[in-house]
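Reader: Take one part of this model and go through it closely with me, please. I'd like the contacts spelled out, with the cut-offs behind each term.

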Amino acid sequence: MSAILPLLLANQTLYSWCSQAHQLNCSTSARQTSDRLFGTPYSALCHDFPAHLRTLTQRTRGQLGSPRELALRHTLLGYFLPTIDDKKAEEIIDLVTEGAIPCLKMRLGITASRVGGYHPLKLCPGCADEEQERLGYSYWHIEHQLPSSFVCLKHARPLVFLRDAITPVHRRYWVTPTDPQDCKLNEVRVPSETAMATLSRLARDSLELTTLSPGGLSPARAAGGYQRLLRERGLATSRGNLRVGQLVSLVRERYRGLDELPGMAPLSSVGHEWPGLAASLSRRKPQPGHPLKHLLLVGAITDSWKEFVQACEAGCGTATIGYQTNPRSTRDQDLTQFKQLVLEERMSISGASKIIGVSTTTGVQWAKRLGITYTSRSKSVSPAAIGEVRKLLAEGEHVDTIAISSGVSTSVVNRILGADDRLKALRSRSTFSHRKLVARTSFSHLCKSHSHLPLSELRKLPGNGYAWLYRNDRTWLSKALHRHGRPPSRDS
Ligand SMILES: [Zn+2]
């Protein structure tokens with residue numbers, strides 16, 4: 001086995017770590033490195049789903065963590081396993097631990113999904129430059145490799161895709177962010193600020209998905225959540241039949257101009273295929289779907305990922321959805337990674353805790369234990385956190401979500417927003433068109449489904465959208481009232 005083991009960073013892919021191990025140990029060939037680490041000639045070159053993890057952990061004396069942790073945090077399995085059935089997910093973990101899995105992409109439902117099973121390597125030039133400066137090397141980030149990640153959340157910029165006729169495993173050397181070999185580099189073209197906000201939400205939700213335990217969002221659970229949400233939004237009848245036209249226009253509006261992006265093929269079929277997809281994800285005997293399809297649907301019908309998870313918990317009537325890290329005991333490796341993230345990568349306590357998978361409270365306890373000085377958020381908020389909050393506010397992100405991801409309280413977020421008129425204007429531009437569509441859809445639906453109710457009663461129903469439309473979209477509201485044969489009430 002390799003004599004020198006590089007540190008596996010918290011968000012580094014296993015493929016990336018292997019290339020470092022190869023370099024550090026001056027191996028003569030990739031095949032030799034792979035053989036030494038995995039006992040097979042090509043596992044180390046597999047960039048999305050490396051297998052034979054038991055051999056790797058034994059030969060690295062457990063320094064990289066358990067096979068399960070490696071699979072879930074440093075390969076794409078952490079993204080694909082939450083949305084399949086619990087039993088199947090555990091079976092796949094066992095198989096990649098002990099050996100390789102024939103037809104893995106078929107088992108994960110990737111082949112049938114028509115999203116495409118080719119996972120191009122992706123990088124953020126901003127991250128690569130910073131790491132080169134700070135660490136002397138750059139690495140492949142797992143959060144950038146997720147099939148629904150198109151932007152870097154840290155730098156709020158599009159990712160660069162590596163286009164290559166040869167998949168990484170068929171090369172006999174590693175491709176690295178600083179040495180992309182003969183691959184073509186294509187930066188994602190983000191057509192507008194609104195599109196940037198949509199893609200940022202998609203990237204954030206993708207990251208949230210990877211924190212769920214395998215099978216945590218199994219088809220049955222997700223279906224319960226969709227049924228509930230679609231009904232609440234007036235996008236399905238009480239018997240669960242989809243209102244196809246409304247759903248299609250909502251999704252089209254949300255992802256306008258993004259169907260040309262690499263890997264976004266499901267969007268181009270919105271119209272003739274999308275209702276079938278939404279139906280298959282939400283029916284009582286649901287079909288499993290590619291995570292990207294879930295993320296697109298969730299992004300279109302909710303204001304936040306949290307809202308979807310809550311709907312799933314309420315919809316299936318069973319226990320709360322499990323997270324990868326729950327329950328979990330502290331390991332030395334977690335502490336080492338935590339220390340490295342905070343001291344070397346200069347991350348906030350809350351940011352580092354999130355990556356390791358523990359609560360901020362635990363992170364604060366660890367910081368005390370490790371003698372790391374930090375500023376309590378109740379006393380002051382760092383300029384970096386304020387910058388992050390402002391960025392997310394401008395993108396139209398939900399206040400609760402901003403508070404969680406930036407590690408500040410909701411009152412701090414509201415205070416920052418309240419003090420800045422320009423930020424308010426930017427924020428309202430991002431959220432306005434989405435809200436308008438949701439309010440119009442909900443209101444029209446209620447007018448039809450409660451045609452016997454007087455308008456004054458209709459306005460008392462939860463989520464009716466009337467007040468918002470009255471303030472922001474009055475011309476449309478007057479026409480809609482007229483169309484539904486309802487004269488405006490005197491007090492409106
Ligand atoms: Zn970046």
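Author: Let's fix one term before anything else: a residue is buried under 20% relative accessible area, exposed over 50% and partly exposed in between, using a 1.4 Å probe and protein chains only. Keep in mind that this is a predicted model, where local features need pLDDT of at least 70 and side-chain atom pairs need pLDDT 80 or more, while totals for chains, interfaces and linings use all residues. Numbering runs from 1 along each chain as its sequence is written, and side-chain values use heavy atoms, with hydrogens and water left out.

Now to the zinc ion. Its donors (N, O and S atoms within 2.8 Å of the metal, or 3.2 Å for Na, K and Ca; water is not among the atoms, so sites may look incomplete) come from C124 (SG), C127 (SG), C152 (SG) and H155 (ND1), at 2.1 to 2.3 Å. The angles among these four donor atoms run from 104 to 114°, and the site is tetrahedral, a label that asks for four donors with all angles between 85 and 135 degrees. For reference, the ideal angle for four tetrahedral donors is 109.5 degrees.

Along the chain, the donor residues follow the spacing C-x2-C-x24-C-x2-H. C127 sits in helix 9 (residues 125-135) and C152 in strand 2 (residues 151-152), so this pair ties together parts 25 residues apart in sequence. Those elements are DSSP runs numbered from the N terminus, with helices being H or I over at least four residues and strands E over at least two. C152 has a relative accessible area of 2%, so C152 is buried; C127, at 5%, counts as buried too.

What about disulfides? The count is zero, going by cysteine sulfur pairs within 2.5 Å. Another cysteine, C183, is buried as well, at 12% relative accessibility.

Stepping away from the metal, the model has 14 salt bridges, meaning a side-chain nitrogen of Lys or Arg within 4 Å of a carboxyl oxygen of Asp or Glu. One of them joins E98 and R54, at 2.5 Å from N to O. E98 belongs to helix 6 (residues 86-98) and R54 to helix 3 (residues 53-59), so the pair links parts 44 residues apart in sequence. R54 is partly exposed at 34%.

Helix 12 (residues 219-232) has a pair of its own: R228 and E232 are four residues apart there, about one turn of the helix, and their closest N and O atoms are 3.7 Å apart in a salt bridge. R228 is partly exposed at 34%, whereas E232 counts as exposed at 52%.

Terms used
Four donors count as tetrahedral if all angles lie between 85 and 135 degrees; four count as square planar and six as octahedral if opposite donors are over 155 degrees apart and all others between 65 and 115; anything else is irregular.
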